[in-house]
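Me: I have a structure open and would like to learn how to read it, one feature at a time. Could you take me through it?

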Amino acid sequence: MNILITGASSGIGKQLALDYLATGHDVYACGRNQEKLAALQSELPPTQQNHFHAVVFDVTEREQVQNALSNLEQLDLAILNAGVCEYIDDAKSFDAALVERVFAANFFGVVYCCETLVQHMQSGARIAIVDSMARLFPFTRAEAYGASKAAVHYFASSLRTDLKDHGIAVTTISPGFVETPMTDANDFEMPMRISVAKASIAIQKGLAGGKPHIAFPRIFGWMLAFLHRLPYRWQVGLSSRMRS
Ligand SMILES: NC(=O)c1ccc[n+]([C@@H]2O[C@H](COP(=O)([O-])OP(=O)(O)OC[C@H]3O[C@@H](n4cnc5c(N)ncnc54)[C@H](OP(=O)(O)O)[C@@H]3O)[C@@H](O)[C@H]2O)c1
């Protein structure tokens, strides 16, 4: 398969790129940093190097996205995984620019990629969009991150319906905590955090099975689905306890 992965220079995207290359696929590995992608390519076994194609662009720049994604080989799968996380430390004096930055990458980055991809993809192709289980619960300090992931989940779910008749499938992916540079920066406890290797296996398995939605780890997903259904007062109470 020809597989495009955004955010392939680090964390979940990097592991997916390595795993798909190791199983004989061609990977269009996207990132902002040419050197990081070149370093990744140089570490691959020689048999895989020709199957690695670096694609350099910033997902927040619509024109760059269009130029980068318009002339690729026919893609079978695009995994839109690039994202950022920033927390709001003081809700009483937060900076809206932080929210804009997070939405630029996590929401509009996906929208820009989809805009170009859907024009070029043929029937039978699949777009997979990485959101987060954070979208299910009003976590403290996660106003920007959680909202961007809830928004992109809705966008993807709606797109799934509207691309169905064109034969393009859409999968949403909601990870719990995964060991990556993004979560290494967190200063709080992360229950049931799993390795990036396990995350990659769960994603590959779900995509191979044609699942419309992939969520892992399963028990953490059940817990958050339960919290999501609690009365709002209880959700606020629990979230406040996490803050203190
Ligand atoms: N780790 C978790 O626990 C977890 C949980 C739920 C959801 N997620 C989601 O999973 C995805 C991957 O996260 P991760 O943990 O693997 O994070 P990560 O290690 O920080 O990797 C993020 C990737 O996104 C790329 N990226 C960020 N901003 C970009 C931009 N403007 N244009 C192009 N590429 C950009 C980065 O590329 P550069 O090298 O150019 O910076 C990097 O490759 C994210 O969408 C994240 O929200 C992660």
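Reply: Gladly! Let's begin with an idea we will need soon: a polar contact is a pair of N or O atoms within 3.5 Å, and within protein one of them must be able to donate a hydrogen and the other to accept it. Keep in mind too that this is a predicted model.

Me: Good, let me try that on a residue. Which side chains make polar contacts with the side chain of Thr172?

Reply: There are two to look at. The side chain of Thr172 pairs with the side chain of Arg160 at 3.0 Å, and a polar contact of 2.8 Å joins Thr172 to the side chain of His213. Thr172 itself sits in strand 6, residues 169–175.

Me: Is Thr172 buried or exposed?

Reply: The general idea is that buried means under 20% relative accessible area, while exposed means over 50%. Thr172 has a relative accessible area of 0%, so it is buried. Its contacts beyond four places in sequence include Ile129, Asp131, His153 and Ala156, as well as Pro212 and Ile214.

Me: What about Ile168, and where is it found?

Reply: Ile168 is in the loop between helix 6 and strand 6. Its relative accessibility is 4%, so Ile168 counts as buried. Leaving out residues up to four places away in sequence, Ile168 touches Val118, Met121, Gln122, Ala125, Ile127 and Leu163.

Me: And Val56, for practice with a strand residue: how accessible is it?

Reply: Val56 belongs to strand 3, residues 52–56. Val56 counts as partly exposed because its relative accessibility is 35%. Beyond its sequence neighbours within four places, Val56 is in contact with Gly31, Arg32, Gln34 and Leu37. Sequence and space can also be read side by side: Val56 and Glu35 are 21 residues apart in sequence, and their C-alpha atoms are 9.9 Å apart.

Me: Now the nonpolar interior. Which residues touch the most other members of the largest nonpolar core?

Reply: Think of a core as buried nonpolar residues joined through their side chains. The largest one here has 30 residues, and Phe57, Leu80, Leu117 and Ile129 touch the most other members. Several elements each supply at least two residues, among them strand 2 (26–31), helix 4 (62–69), strand 4 (77–80) and strand 5 (126–130). Helix 5 provides the largest share, seven residues.

Me: Could you show me one of those residues in detail? What does Leu80 touch?

Reply: Not counting residues up to four places away in sequence, the partners of Leu80 include Leu4, Thr6, Val110, Cys113, Cys114 and Leu117, along with Ile127 and Ile129. There is also a second, separate core of 27 residues, with Ile12, Leu21, Val196 and Ala199 among them.

Me: Let's turn to the ligand. Which residues are closest to it?

Reply: The ligand is surrounded by 30 residues, and the closest are Ser9, Ser10, Arg32, Tyr145 and Thr180. By type, this shell divides into 13 nonpolar, twelve polar and five charged residues.

Me: Which N or O atoms of the protein should I look for beside the ligand's oxygen atoms?

Reply: Try three spots. In the side chain of Thr180, an N or O atom is 2.5 Å from a ligand oxygen. The side chain of Lys36 has one at 2.8 Å from a ligand oxygen, and a backbone N or O atom of Gly176 lies 3.4 Å from an oxygen atom of the ligand. Overall, the protein covers 93% of the 890 Å² of accessible area that the ligand has on its own. Helix 1 (11–22), helix 6 (143–163) and helix 7 (181–184) each give two or more residues to the shell, with helix 7 contributing the largest share, three residues.

Me: Last topic: the backbone. What should I look for there?

Reply: Most residues other than glycine have a negative phi, and most peptide bonds are trans, so departures are worth a look. Arg141 has a positive phi of about 70 degrees although it is not a glycine, and Arg141 lies in the loop between strand 5 and helix 6. Met192 also has a positive phi, near 60 degrees, and is placed in the loop between helix 7 and helix 8 (196–208).

Me: Which residues does the cis peptide bond join?

Reply: Phe216 and Pro217, with omega about -10 degrees. Pro217 is in the loop between strand 7 (213–216) and helix 9 (218–229).

Key:
Residues numbered from 1 in each chain as written. Predicted model: local features only at pLDDT ≥ 70, side-chain atom pairs only at ≥ 80, totals over all residues. Heavy atoms only, no water. Near = heavy atom within 4 Å. Areas by Shrake-Rupley, 256 points an atom, 1.4 Å probe, with all protein chains shown as cover. Helix = DSSP H or I, 4+ residues; strand = E, 2+ residues; numbered from the N terminus. Nonpolar A, V, L, I, M, F, W, Y, C, P; charged D, E, K, R; others polar. Core = buried A, V, L, I, M, F, W, Y, C linked by side-chain atoms within 4.5 Å. Buried < 20%, exposed > 50% of the residue type's maximum accessible area, 1.4 Å probe, protein only. Contact = heavy atoms within 4.5 Å.
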